[in-house]
Amino acid sequence: MNPFINLGIRHDIVNAISELGFENPTPIQEQSIPVLLTGSNDFVGLAQTGTGKTAAFGLPLLELLDFEVNYPQALVLCPTRELCLQITNDIKNYSKKMNNVNVVAVYGGASISDQLRQIKRGVQIVVATPGRMLDIINRKAIDFSQVRFVVLDEADEMLNMGFQEDIDSILSTTPDEKKTWLFSATMPTEVRRIAKKYMNEPFELTMGTKNTGNANIEHEYYIVRARDKYAAFKRIVDFNPDIFGIVFCRTKIETQDIAEALLKDGYNADSLHGDLSQQQRDKVMKRYRDRSLQLLIATDVAARGIDVNDVTHVINYSLPDEVENYTHRSGRTARAGKTGVSISIINAKELGKIRQIERGLGKKFVKAEIPTGFDVCEKQLFSIVHKIHDVQVNEQQIEQYLPRIMEEFKDLTKEDFIKRFASIEFNRFLDYYKNAPDLNAPLEEGRRFERDGERAPRGEGAGKSEYTRLFINLGSVDEFNRGDLLGYICNQSKISGRTVGKIDVKGVYSFFEVPNADVEKVMGGFKEAEFKGRPVRIEISGEGSSERREGGGGGYQRREGGYNRERSGGGERREGGYKGGERNASAGGFRDFSGKRREDRGERKRRF
Ligand code: AMP
């Protein structure tokens, strides 16, 4: 028997939802349906989208209303046209085995006369966005005097969008005795206030923690100069070859500009914003869901409620004004128990906003460095290598061509062959990034420590030449992140974590800064140290301490002379580095997108 029966839902509804694949109630449905079915409580449900909240209120409404009469008994208010249509459609689906259930969607940007006609014909459930609803009320085209239930869905978003007054006016036309059910992904004070205003001792249900967002999301920010923003963004994308992301902009124009520039640069990207017709939006969303699009460039409103699994990254190309919007944005990733990264690309002046969002979320953000051109090339190279290694070979299809292929390659050694294969994509990146400049924005000396987080010393010597930059031959390919490396350094050399300055984890090596006075101790600590059977090497980096002395001179320098070494075991050899200089702006980006997420070796946490 379908467990919805035990929750008190009648057979014809259960049959309909069974056909939709609802075999078990979601947690919010399990907990809210019995409460709402009593019809006697106000209710506050703190739940993200994608938790099944539409059915959580939709099914009780279908149980509680009288469908033998044709006047409005329930009003569902929601922030966007998309959501309005989605809720209407869902309720219609749940009730498709019932008789005379009339649901109307009332939203802006579509013919009002159609909506008025439907209302006139008689409806029991009105699902509406506030602006159009108020318009219809002002025309005296609807009578809400018999409304028994009002649902405020995504209440936080409605307030963010400035619907407070409209909601007040709409609700003033409904009876005082009605019950109000409020759903919200977050609970800012404004939502608390409306809960207080419209409700009487509501039953409260929290799914997940308040306002903290999803624990599986890592939050990172990058500081760049305004003029380098797009280049920095592309570099981040290139550094994450399997990215499947949503990029948030503040305006429609910005989404379009970025999508166009990305397309021109050879990426799979398109924009989603309010000026598109419904048909155009559906088309974009279908391509994104099918993964023909790698990057969806969207405004907050257009991306509201996007319910796509496996989004690996949310990129805040422009920061939102409200913490709540940031929560909504970042909540597009790390769905269904997966992990995800929310990245913000900011200029130095916006650091205060990051701190504000951190406080709102109760979570610390990680300051990350825009990867160097070299890092990107390295990452891409290994992405290609992994892809070649993991590719599914269709033996049947390829068999007929094998003799010709073998003939073609017969003069090449295995090593030559592998080198050529891996170079196909890699060369493009090498070419594009060979003169790539450092895109990390310089901060004034005093603020550099702030961006390094709490590890940086704040004493007298901070920011002067009392620090030495050290090189270590371990990096992200050894599965170190900055925290891991800090722990490893402190463990090995017995120095306090608080004295360690900036840590910059690269692919096969890293840099870290320690007080001059600790250099010997660190070198001594690593003497004869081994990591996975391989000697660990620490060297004083030629450029490090002078870089600190240069005051406002800025972020990390790429290696000018470069290192010349071999990584034992891995067999990667690096010769020289790339020199800074102007980048050729027209080169293309990474086109190849398998659609499958690979665990990037360089980004996973490691254990000692
Ligand atoms: P919502 O949070 O209401 O937008 O629901 C998110 C998605 O989950 C929608 O596609 C629903 O159709 C689906 N869904 C809701 N409840 C259930 C359930 N009990 N079992 C399976 N799918 C569900």
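Here are some exercises with worked solutions on the predicted model above.

**Exercise 1. Find where Thr88 sits, and decide whether it is buried or exposed.**

Step 1: Locate the residue. Thr88 belongs to helix α4, which spans residues 81–94.

Step 2: Check how much of the residue can be reached. Thr88 has a relative accessibility of 4%. The cut-off for buried is under 20%, so Thr88 counts as buried.

Step 3: Look for its contacts. Setting aside residues up to four places away in sequence, Thr88 touches Val103, Val104, Ala105 and Val127.

**Exercise 2. Work out which residues of the largest nonpolar core touch the most other members, and which helix gives the most to this core.**

Step 1: Start with the core itself. The largest nonpolar core has 43 residues, and those touching the most other members are Phe57, Leu59, Leu62, Ile125 and Trp181.

Step 2: Turn to the helices. The one that gives the most to this core is α3 (residues 53–64), with seven residues.

Step 3: Follow one of these residues, Ile125. Neighbours within four places in sequence aside, the contacts of Ile125 include Leu62, Leu65, Phe67, Ala74, Val76 and Ile91. Asn102, Val103 and Val104 are also in contact with Ile125.

Step 4: Look beyond this core. Another core, of 34 residues, lies apart from it; among its members are Phe144, Val147, Val191 and Tyr198.

**Exercise 3. Describe the two faces of strand β2, then name the strands that pair with β2.**

Step 1: Recall a general rule. In a regular strand, side chains alternate between the two faces of the sheet.

Step 2: Apply this idea to β2 (residues 74–77). Ala74 and Val76 are on one side, Leu75 and Leu77 are on the other, and all are buried, so both faces are covered.

Step 3: Find the partners. β2 pairs with β4 (residues 125–128) in the parallel sense, over four bridges. β2 also pairs in the parallel sense with β5 (residues 149–152), again over four bridges.

Step 4: Pick out residues. Val76 is opposite Val127 in β4, and Ala74 has Phe149 of β5 as its bridge partner.

**Exercise 4. Give the strand order of the open sheet of seven strands, and identify its edge strands.**

Step 1: Read across the sheet. The order is β10-β11-β9-β12-β13-β8-β14, and the pairing is parallel.

Step 2: Go to the ends. β10 (269–272) and β14 (366–367) are the edge strands, as each pairs on one side only.

Step 3: Examine one pair inside this order. β9 (residues 245–248) and β11 (residues 295–298) run parallel and are joined by four bridges. Here Val247 stands opposite Ile297 of β11.

**Exercise 5. Decide for Val391 and for Ser40 whether each is buried, partly exposed or exposed.**

Step 1: Take Val391, in the loop between α16 (373–390) and α17 (395–399). Val391 has a relative accessible area of 52%, so it is exposed.

Step 2: See what surrounds this residue. Val391, Val393, Ile398, Leu402 and Met406 form a nonpolar surface patch, with about 420 Å² of accessible area together.

Step 3: Take Ser40, in the loop between α2 (27–37) and β1 (43–46). Ser40 counts as partly exposed because its relative accessibility is 48%.

Step 4: Compare sequence with space. Ser40 and Thr180 are 140 residues apart in sequence, while their C-alpha atoms are 9.9 Å apart.

**Exercise 6. State how many residues of helix α14 are buried.**

Step 1: Count along the helix. In α14 (residues 323–330), eight of its eight residues are buried.

Step 2: Name some of them. Among them are Val323, Glu324, Tyr326, His328 and Arg329.

Key: Residues numbered from 1 in each chain as written. Predicted model: local features only at pLDDT ≥ 70, side-chain atom pairs only at ≥ 80, totals over all residues. Heavy atoms only, no water. Buried < 20%, exposed > 50% of the residue type's maximum accessible area, 1.4 Å probe, protein only. Contact = heavy atoms within 4.5 Å. Core = buried A, V, L, I, M, F, W, Y, C linked by side-chain atoms within 4.5 Å. Pairing = 2+ DSSP bridges. Patch = residues over 30% accessible without salt bridge, like charges linked within 9 Å, V, L, I, M, F, W, Y side chains within 5 Å. Areas by Shrake-Rupley, 256 points an atom, 1.4 Å probe, with all protein chains shown as cover. Salt bridge = Lys/Arg side-chain N within 4 Å of Asp/Glu carboxyl O.
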